[in-house]
Amino acid sequence: MLNFLRKKHPIKLFVCKDEQEIAELSSKVVIDTICKKPLCVLGLATGSSPVPLYKKLIQATKEKKVSFANVQTFNLDEYLDLDKNFLDQSYRAFMDTNLFNHVDIKSDNTHFPFKDNPTLYDKQIKNAGGIDLQVLGLGVNGHIAFNEPGTPLNEKTHIVNITKSTKEANARFFGNDESKVPSRAVTMGINTILKTRKIILIATGKNKAEAISKLFANKYDPQWPCTSLIYHSDVTVYVDYDAASLIDR
Ligand code: GLP
């Protein structure tokens with residue numbers, strides 16, 4: 001019933017020649033957001049897709065074009081039950097290494113979802129004023145954050161079981177050993193993501209092409225969680241030629 005009450009919105013698309021061009025364009029959006037509202041709230045993603053964007057943000061901070069001094073961040077998700085040999089694969093560690101340690105952000109202003117009473121994270125986001133700009137990556141199976149296929153639209157921050165297909169995709173960070181990929185994570189829900197004011201989604205490579213084509217088919221399909229984004233009013237997608245290759249034009 002909920003679906004019928006929701007309004008669909010067109011998604012803006014930039015097909016770029018490579019990840020450098022994606023980083024160039026998407027970093028401008030982040031920098032603009034911070035410059036217009038220095039006390040803004042950013043939603044951040046892990047994975048390899050946003051890394052070139054984070055490099056641009058580090059460069060812009062060093063060149064004093066932007067400052068994170070008053071920015072608050074809320075990350076999308078975090079692994080649970082990490083193997084003790086792979087603690088460096090926590091998303092907190094990833095963000096420290098790839099962004100936070102190199103910009104002037106205050107550690108207290110960086111937030112990650114937590115295991116106990118996860119919906120409190122939604123309240124924390126609300127108390128911070130809501131997320132002004134959300135950076136998203138995309139799973140091969142169309143997941144956003146760790147919202148795996150079948151996740152309902154109204155889900156807030158919650159604990160999930162990671163699917164086999166996502167374990168396969170993420171095994172590269174765990175010595176190519178799928179059994180070392182955690183089985184559970186805590187993630188913002190689709191409802192949490194749809195409440196953000198603006199979204200930029202980054203996807204590169206042929207393995208993302210099917211999920212991207214589903215997103216641009218403009219039809220909500222719970223088996224492809226990314227298609228929930230058609231119900232958000234301000235989404236811009238940055239892809240390379242490979243990720244765009246199956247879009248039906
Ligand atoms: C993980 C994260 C997602 C991310 C996805 C894609 O599963 N939970 O938030 O979008 O990986 O990662 P990559 O950009 O490395 O393909």
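**View 1. S48, D77 and L138 make polar contacts with the ligand (pairs of N or O atoms within 3.5 Å)**. In this predicted model, a polar side-chain atom of S48 sits 2.7 Å from a ligand oxygen. D77 brings a side-chain N or O atom to 2.8 Å from a nitrogen of the ligand. With L138 the backbone does the job: one of its N or O atoms is 3.2 Å from a ligand oxygen. On its own the ligand has 390 Å² of accessible area (Shrake-Rupley, 1.4 Å probe), and the protein covers 94% of that.

**View 2. The shell around the ligand holds 13 residues, counted if a heavy atom lies within 4 Å**. S48, S49, D77, R172 and K208 come nearest. By class, the shell splits into 4 nonpolar, 6 polar (Gly goes here) and 3 charged residues (Asp, Glu, Lys or Arg).

**View 3. Parallel pairing runs through an open sheet of 7 strands**. Reading across, the order is β1-β10-β9-β6-β2-β3-β5. Strands here are DSSP E runs of at least two residues, numbered from the N terminus, and two of them pair if DSSP finds at least two bridges between them. At the edges are β1 (12-16) and β5 (110-111), each pairing on one side only.

**View 4. Zooming in, β9 and β10 run parallel**. Strand β9 (residues 199-203) is joined to β10 (residues 235-240) by 5 bridges. Within this pair, L201 stands opposite V237.

**Notes on the views.** Residues are numbered from 1 along each chain as its sequence is written, and side-chain values use heavy atoms, leaving out hydrogens and water. Local features need pLDDT of at least 70 and side-chain atom pairs count only at pLDDT 80 or more, while totals for chains, interfaces and linings use all residues.

Notes:
A polar contact is a pair of N or O atoms within 3.5 Å; within protein, one must be able to donate a hydrogen and the other to accept it, and residues adjacent in sequence count only if both atoms are side-chain atoms. Helices (H or I, at least four residues) and strands (E, at least two) are DSSP runs, numbered from the N terminus.
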